[in-house]
Amino acid sequence: MEKSRGLRGYCCFKCRNFVADHNDIIDKYYIGTHKYGRGRAFLFSHASNVVEEPSVLRTLITGPYVVSDILCAECGQNLGWKYKKSFHDVHKYKEGKVVMAKYNIIRGV
(Lines give C-alpha, C1' and ligand atoms only; values in the text may rest on other atoms or scores of the structure.)
Protein backbone atom coordinates (compact mmCIF):
# COMPACT_ATOMS: atom_id res chain seq x y z
CA MET A 1 0.00 0.00 0.00
CA GLU A 2 1.16 3.49 -0.79
CA LYS A 3 1.80 5.71 2.20
CA SER A 4 1.13 9.43 2.56
CA ARG A 5 3.64 11.65 0.76
CA GLY A 6 2.74 14.74 2.76
CA LEU A 7 2.24 15.51 6.39
CA ARG A 8 -1.52 14.99 6.33
CA GLY A 9 -3.70 12.60 4.44
CA TYR A 10 -7.09 10.96 4.33
CA CYS A 11 -8.04 7.38 5.03
CA CYS A 12 -11.01 5.13 4.39
CA PHE A 13 -13.36 5.62 7.36
CA LYS A 14 -14.04 1.89 7.54
CA CYS A 15 -10.54 0.32 7.53
CA ARG A 16 -8.18 3.34 7.90
CA ASN A 17 -6.39 2.57 4.60
CA PHE A 18 -4.58 5.67 3.27
CA VAL A 19 -6.41 6.92 0.13
CA ALA A 20 -5.43 10.56 -0.50
CA ASP A 21 -2.84 13.19 0.38
CA HIS A 22 -4.03 16.52 1.80
CA ASN A 23 -1.77 18.35 -0.70
CA ASP A 24 -3.76 16.82 -3.58
CA ILE A 25 -7.02 18.58 -2.65
CA ILE A 26 -8.22 20.84 -5.45
CA ASP A 27 -11.54 21.88 -3.88
CA LYS A 28 -12.64 21.45 -0.25
CA TYR A 29 -16.11 22.87 -0.84
CA TYR A 30 -17.37 20.36 -3.35
CA ILE A 31 -20.85 18.84 -3.24
CA GLY A 32 -21.10 15.12 -3.73
CA THR A 33 -24.19 13.05 -4.36
CA HIS A 34 -24.73 9.69 -2.73
CA LYS A 35 -27.49 7.27 -1.86
CA TYR A 36 -28.53 9.44 1.10
CA GLY A 37 -28.70 12.69 -0.89
CA ARG A 38 -26.09 15.42 -1.26
CA GLY A 39 -23.25 16.29 1.04
CA ARG A 40 -19.84 17.83 1.39
CA ALA A 41 -17.04 16.25 -0.60
CA PHE A 42 -13.46 16.92 -1.64
CA LEU A 43 -12.12 17.07 -5.20
CA PHE A 44 -8.64 15.50 -5.36
CA SER A 45 -6.13 15.49 -8.20
CA HIS A 46 -5.75 11.73 -7.66
CA ALA A 47 -6.19 8.96 -5.12
CA SER A 48 -4.10 6.05 -3.85
CA ASN A 49 -4.94 2.52 -2.80
CA VAL A 50 -8.28 2.53 -4.62
CA VAL A 51 -9.89 0.29 -7.22
CA GLU A 52 -11.92 1.73 -10.11
CA GLU A 53 -15.21 0.18 -11.10
CA PRO A 54 -16.22 0.06 -14.80
CA SER A 55 -17.12 3.42 -16.33
CA VAL A 56 -20.77 4.49 -16.52
CA LEU A 57 -22.67 7.51 -17.82
CA ARG A 58 -24.08 9.46 -14.86
CA THR A 59 -25.95 12.75 -14.62
CA LEU A 60 -24.54 14.80 -11.76
CA ILE A 61 -25.39 18.29 -10.47
CA THR A 62 -23.49 20.03 -13.28
CA GLY A 63 -24.51 17.71 -16.11
CA PRO A 64 -23.67 14.34 -17.67
CA TYR A 65 -20.27 12.69 -17.19
CA VAL A 66 -18.64 9.34 -17.72
CA VAL A 67 -17.43 8.31 -14.26
CA SER A 68 -16.02 5.30 -12.44
CA ASP A 69 -16.88 4.59 -8.83
CA ILE A 70 -13.79 4.22 -6.68
CA LEU A 71 -13.54 1.68 -3.89
CA CYS A 72 -11.04 1.27 -1.09
CA ALA A 73 -8.52 -1.36 -2.21
CA GLU A 74 -8.37 -2.78 1.31
CA CYS A 75 -12.03 -3.22 2.31
CA GLY A 76 -14.08 -2.42 -0.83
CA GLN A 77 -15.93 0.55 0.70
CA ASN A 78 -17.29 2.95 -1.95
CA LEU A 79 -15.44 6.24 -1.44
CA GLY A 80 -16.66 8.33 -4.37
CA TRP A 81 -15.98 8.52 -8.10
CA LYS A 82 -13.43 9.47 -10.73
CA TYR A 83 -14.36 11.71 -13.65
CA LYS A 84 -13.44 10.01 -16.92
CA LYS A 85 -15.13 12.29 -19.46
CA SER A 86 -17.00 15.58 -19.42
CA PHE A 87 -19.32 16.59 -22.23
CA HIS A 88 -18.98 20.33 -21.58
CA ASP A 89 -15.76 22.26 -22.20
CA VAL A 90 -16.16 24.29 -19.00
CA HIS A 91 -15.94 21.06 -16.96
CA LYS A 92 -13.05 19.39 -18.83
CA TYR A 93 -10.70 20.23 -15.93
CA LYS A 94 -12.49 17.55 -13.87
CA GLU A 95 -11.39 14.72 -16.16
CA GLY A 96 -9.07 12.36 -14.29
CA LYS A 97 -9.92 13.95 -10.93
CA VAL A 98 -11.41 12.12 -7.95
CA VAL A 99 -14.33 13.10 -5.71
CA MET A 100 -14.57 11.56 -2.26
CA ALA A 101 -17.55 12.19 -0.01
CA LYS A 102 -16.43 13.57 3.34
CA TYR A 103 -18.46 10.99 5.26
CA ASN A 104 -16.42 8.21 3.56
CA ILE A 105 -12.97 9.43 4.60
CA ILE A 106 -11.25 10.52 7.81
CA ARG A 107 -8.14 12.56 8.46
CA GLY A 108 -5.04 10.52 9.00
CA VAL A 109 -1.32 11.19 9.32
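This tour moves through a predicted model, one selection at a time.

**The whole chain**

Begin with the full chain in cartoon view. It has 10 strands and zero helices, so that, by the DSSP runs used here, the order of elements from the N terminus is β-β-β-β-β-β-β-β-β-β. Of its 109 residues, 41% count as buried. Switch to a surface view: the accessible surface comes to about 6100 Å², and carbon and sulfur atoms contribute 53% of that area. Among contacts with a separation of 6 or more, 43% are between residues 24 or more positions apart.

**The sheet S2-S1-S10**

Next select residues 9-12, 18-21 and 105-108, which are strands S1 and S2 and strand S10. These three strands make an open sheet in the order S2-S1-S10, with antiparallel pairing. S2 and S10 stand at the edges with a single partner strand each, so one side of each has no neighbour in the sheet. From one strand to the next, the twist averages 35°. Three bridges connect S1 and S2, while four bridges join S1 to S10.

Now centre the view on cysteine 11. Which residues are its bridge partners? In S2 the partner is phenylalanine 18, and in S10 the partner is isoleucine 106.

**The hairpin loop and arginine 16**

Follow the chain from S1 into S2. The hairpin has five residues between the strands, and arginine 16 is placed in this loop. The phi of arginine 16 is positive, at about 70°, although the residue is not a glycine. Is arginine 16 buried or exposed? Its relative accessibility is 51%, and it therefore counts as exposed, since the cut-off for that class is over 50%.

**Asparagine 49, a second positive phi**

Move on to the loop between strand S4 (37-44) and strand S5 (50-52), where asparagine 49 is found. Asparagine 49 is likewise a residue other than glycine with a positive phi, here near 55°. With a relative accessibility of 13%, asparagine 49 counts as buried, whereas arginine 16 counts as exposed.

**Cysteine 15 and cysteine 72**

Display the side chains of cysteine 15 and cysteine 72. Why is no disulfide assigned to cysteine 15? The closest cysteine sulfur to that of cysteine 15 is in cysteine 72, 3.5 Å away, which is too far for a bond, because a disulfide requires sulfur atoms within 2.5 Å. Cysteine 72 is likewise in no disulfide, and its nearest cysteine sulfur is that of cysteine 15. The count for the model is zero disulfides. The two residues can also be viewed by accessibility: cysteine 15 is partly exposed at 29%, while cysteine 72 is buried, with a relative accessible area of 2%.

**Serine 68 in strand S7**

Finally, select strand S7 (residues 63-72) and centre on serine 68, which lies in this strand. Serine 68 is buried, with a relative accessible area of 1%. What lies 3.3 Å from a polar atom of its side chain? The answer is the backbone oxygen of glutamate 53. Extend the selection to the contacts of serine 68, leaving aside neighbours within four places in sequence. They include Glu52, Glu53, Pro54 and Ser55, as well as Gly80, Trp81, Lys82 and Lys84.

Notes. Residues are numbered from 1 along each chain as its sequence is written. This is a predicted model: local features need pLDDT of at least 70, side-chain atom pairs count only at pLDDT 80 or more; totals for chains, interfaces and linings use all residues. Side-chain values use heavy atoms; hydrogens and water are left out. Two strands pair if DSSP finds at least two bridges between them. Helices (H or I, at least four residues) and strands (E, at least two) are DSSP runs, numbered from the N terminus. Buried means under 20% relative accessible area, exposed over 50%, partly exposed in between (1.4 Å probe, protein chains only). Contact means heavy atoms within 4.5 Å. Accessible areas come from the Shrake-Rupley method with a 1.4 Å probe; for residues, only the protein chains shown count as cover. A polar contact is a pair of N or O atoms within 3.5 Å; within protein, one must be able to donate a hydrogen and the other to accept it, and residues adjacent in sequence count only if both atoms are side-chain atoms. Axes are lines fitted to C-alpha atoms, for helices over the stretch in contact, and angles run from 0 to 180 degrees between N-to-C directions.
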